[in-house]
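The exercises below are meant to be worked with the sequence and the coordinates open side by side. Try each task before reading the solution that follows it.

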Amino acid sequence: MTTKFDHKTNSISFPLQVNRLPARGQTVLIELDEKNRNELAERHDLVSVKNYYAELLAKPWKREGVRISGTLSAEIEQTCVVTLEPMISRIETEVSGIFIPEGSRIGRHDIEGGEIVVEAEGDDIPEAFTGDSVNVGHLVEEFFALEIDPYPRKPGASVPAPKNKETEEQEGSGPLYEQLKKLQNRH
């Protein structure tokens, strides 16, 4: 199977045929080439994606569905929000998802009065798929996106402490500062 960037959905495409999964499961390996890593970096506003590797196991789940679980390892380059210098970050995360065919009885929530019971620490609600394949690449990319630090900071980088009030008053100038000073003096 080939991994590629699907421009229609703006995500990694790695379709896995699930209607003939062996009972013990099937191993799925995803490793992106340079072109796909560059597209992934652009999509997620990263400087670059140095490597991206997922090792997963797809197993049948409740006769019709499929459970996918495994790990994702990636190395990304981001820009530090404090120093604006490039920095390398590692992503190591567990990936899991349950998929059922669209229209499956397992996915019908109206069977027990229309209520869905979701446990905070329990499994997610299964996602529906059409046809005979699941896009495993999209699942892995979702977990990748959740692990990206939106405000990366180099170790030891810190924002300068605010100046004290006396220093601010001495350095204040300009028309806005003068108007605020007048208002402050009225009270």
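**Exercise 1.** Which residues in α2 are buried?

*Solution.* Keep in mind from the start that this is a predicted model. Begin by locating the element: helix α2 covers residues 136–147, which is twelve residues, and its span from the first C-alpha to the last is 17 Å, close to the 16 Å expected at 1.5 Å a residue. Next, apply the cut-off for burial, which is a relative accessible area under 20%. The residues of α2 that are buried are Val136, Gly137, Leu139, Val140, Glu141, Phe143 and Phe144. Finally, inspect the N-terminal end of α2, where Asn135 acts as a cap, with a side-chain oxygen placed 3.1 Å from the backbone nitrogen of Gly137.

**Exercise 2.** Is Thr93 buried or exposed, and which residues does Thr93 touch when those up to four places away in sequence are not counted?

*Solution.* First place the residue, which belongs to strand β7, residues 86–101. Thr93 has a relative accessibility of 12% and therefore counts as buried. Then list its partners: leaving out residues up to four places away in sequence, Thr93 touches Gly70, Thr71, Leu72, Phe143 and Glu147. One of these partners, Phe143, is also among the buried residues of α2.

**Exercise 3.** Describe the setting of Asn19, starting from its position in the chain and ending with its side chain.

*Solution.* Asn19 sits in the loop that lies between β3 (15–17) and β4 (26–31). Its relative accessibility is 46%, so Asn19 is classed as partly exposed. Along the chain, Asn19 and Val66 are 47 residues apart, while their C-alpha atoms are separated by 9.0 Å. The side chain of Asn19 also makes a polar contact, at 3.0 Å, with the side chain of Gln17.

**Exercise 4.** Which residues form a nonpolar patch on the surface?

*Solution.* The patch is formed by Leu176, Leu180 and Leu183, which together have about 310 Å² of accessible area. Taking Leu176 as an example, its place is in helix α4, residues 175–186, and its relative accessible area of 63% means that Leu176 is exposed.

**Exercise 5.** How many helices and strands are there in the protein, and what pattern do they follow along the sequence?

*Solution.* The protein has four helices and nine strands, and reading along the sequence gives β-β-β-β-α-β-β-β-β-β-α-α-α. For the protein as a whole, 32% of the 187 residues are buried. Turning to contacts between residues at least 6 apart in sequence, 64% join residues at least 24 apart.

How values were computed: Residues numbered from 1 in each chain as written. Predicted model: local features only at pLDDT ≥ 70, side-chain atom pairs only at ≥ 80, totals over all residues. Heavy atoms only, no water. Patch = residues over 30% accessible without salt bridge, like charges linked within 9 Å, V, L, I, M, F, W, Y side chains within 5 Å. Areas by Shrake-Rupley, 256 points an atom, 1.4 Å probe, with all protein chains shown as cover. Salt bridge = Lys/Arg side-chain N within 4 Å of Asp/Glu carboxyl O. Helix = DSSP H or I, 4+ residues; strand = E, 2+ residues; numbered from the N terminus. Buried < 20%, exposed > 50% of the residue type's maximum accessible area, 1.4 Å probe, protein only. Contact = heavy atoms within 4.5 Å. Expected span 1.5 Å × (residues − 1). Polar contact = N/O pair within 3.5 Å; in protein donor to acceptor, adjacent residues only side chain to side chain.
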